[in-house]
Amino acid sequence: MNTNIVTAGTLTGELEEKYVLDAVRHLGDPEKFNFYIKEFERKFAEHVGTKYAIATVNGTAALHLGLLALGVGKGDEVILPDMTYISCANVIAYTGAKPVFVDIDPLTWCIDPNGIKKAITKRTKAIMPVWMYGNVPNMKEIVDASSGVAIIEDSCPAVGSYWKNKHAGTIGDIGCFSFQGAKLLAIGEGGMLVTNNEKIYEEAKLLADMYTTKEFWQTKIGYMYEMNNVSASVGLGQLEHIHELLLKKQLIYQWYAEELRELYPMNHCEDGNTINHWMTSIIVPNQTYRAKLRNYLKDHAIDTRPFFYPISMFGIYPRRYKNPESYRIGLRGINLPSTVRLLEEEVKHVASVVKDFAADYEGYSQ
């Protein structure tokens, strides 16, 4: 292999080009300036199975809007997994509330419902399960553990993942998605908030547009969180061939699994659920092993990503619980190249290099 094998990246084609060109041609046109925003929202809501959708500048903005629409604020607490991207904690802090980190399930790498039961108090205003790398949380146990507390799903990487027959982001009160450039449905930057609750939708819609209740009239502090029409045109094009992208992700995972599942723990899916396999990932024996393997792959022009560090490691937010699985898995996980552009021969090459390293690693035992 003479070229770098990269971790992420999507496929675009004639649809995206057609829609983008049309959106650019109608910049400032009062009749079409937001056509693609509305169409993307409508078709995305239809795709995941919710009544409402709001296109946002990114997934972080969607999460922030969702928390605000739920009334989360100063003095409140929000429970979330320790091993996740730091945006999840930051948006909680934006509202004045406190993030409470609990452990993850060692198989799904998503929030452990037992952690929710342990951490929930009268101050808990919301629970934020994260669909880690597209993996599926145990949503039934999470709902049961919530005791009626609002659930805002960070389903940012989970377009195409399902718990039973319900799409990610549609089981709790609010779901949030990201279309950042590395995601499966990628538009460079962008996000989406979905809900079936009309009151939540109306509040989030106002908050996303500077809380404008009539022309240039604002009654509360709001935000500039609405997606632009050109980005929405790319999103619409991506959505219209999302099944092609999902099928390729499944293939990539299968190619890797044939080669590596006997060597390392990989993405786990309970029967009846569907993972989109946004990232095919492995768990290696320890942090030193991970660093050496990643360097070895880099020397062979193969890109990788480490798992997210437990947020409580950073010292930014207080740590209430030890969360051993978050530390064990967060410091040992690797995202392998998972771009939909991969060919089978490239996946087999990556797996071969990984196996060569494992065979020669001093002190390694299966």
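Buried means under 20% relative accessible area, exposed means over 50%, and partly exposed is in between (1.4 Å probe, protein chains only). Keep that in mind, as we'll use it at nearly every stop.

**Before you click**

You're looking at a predicted model, where local features need pLDDT of at least 70, side-chain atom pairs count only at pLDDT 80 or more, and totals for chains, interfaces and linings use all residues. Residues are numbered from 1 along each chain as its sequence is written, and side-chain values use heavy atoms, with hydrogens and water left out.

**The whole chain**

Start zoomed out, in cartoon view. There are 12 helices and 14 strands in the chain. Here helices (H or I, at least four residues) and strands (E, at least two) are DSSP runs, numbered from the N terminus. Turn the chain around: along its principal axes, the C-alpha trace spans about 70 × 50 × 35 Å.

How does the radius of gyration fit a compact globule? With 366 residues, such a globule would come out near 21 Å, and the chain has 21 Å, which agrees. (That radius is taken over C-alpha atoms, and the globule rule is 2.2 Å times the number of residues to the power 0.38.) Of the 366 residues, 57% are buried.

Next, think about contacts, meaning heavy atoms within 4.5 Å. Take those between residues at least 6 apart in sequence: 70% of them join residues at least 24 apart.

**Stop 1: D154**

Select D154 and you'll land in strand β5, which covers residues 150-154. D154 is buried, yet it has no salt bridge. A salt bridge is a side-chain nitrogen of Lys or Arg within 4 Å of a carboxyl oxygen of Asp or Glu. Which side chain of opposite charge is nearest to D154? Select K183: it is 7.8 Å away. For charges, Lys and Arg count as positive and Asp and Glu as negative, while His and the chain ends are not counted.

Now show what surrounds D154. Leaving aside neighbours within four places in sequence, its contacts include L63, T84, M128, W131 and C176.

**Stop 2: salt bridges that did form**

By the same distance rule, the count comes to 13 salt bridges. Let's visit a few.

Select D22 and K32. They form a salt bridge, with the closest N and O atoms 3.0 Å apart. D22 lies in helix α1 (residues 14-25) and K32 in the loop between α1 and α2 (35-48), so the pair ties together parts that are 10 residues apart in sequence. D22 is buried at 18% relative accessible area, while K32 is partly exposed at 25%.

Move on to R42 and E39, another bridge, whose closest N and O atoms are 2.7 Å apart. Both residues lie in helix α2, three residues apart, which is about one turn of the helix. R42 is partly exposed at 43%, and E39 is buried at 18%.

Now select E77 and R123, whose side chains meet in a salt bridge at 3.3 Å, N to O. E77 sits in strand β2 (residues 77-81) and R123 in the loop between α5 (113-119) and β4 (124-127), so this pair ties together parts that are 46 residues apart in sequence. Is E77 buried or exposed? It is buried, with a relative accessible area of 4%. R123 is partly exposed at 40%.

Finally, select E258, E259, K348 and K355 together: they are linked in a network of salt bridges.

**Stop 3: two positive phi angles**

Select K164, in the loop between β6 (162-163) and β7 (166-167). K164 isn't a glycine, but its phi is positive, about 55°. K164 is partly exposed, at 42% relative accessibility.

Then jump to M210, in the loop between α7 (198-208) and β10 (212-214). M210 isn't a glycine either, and its phi is positive too, about 60°. M210 is partly exposed, with a relative accessible area of 32%.

**Last stop: N229**

Select N229, in helix α8 (residues 229-239). N229 is buried, at 7% relative accessible area. Which residues does N229 touch, not counting those up to four places away in sequence? They are A23, K32, F33, N34, F35, Y36 and I37. You've met K32 already, as the salt-bridge partner of D22.

Before you leave, select Y19 as well. N229 and Y19 are 210 residues apart along the chain, and their C-alpha atoms are separated by 10.0 Å.
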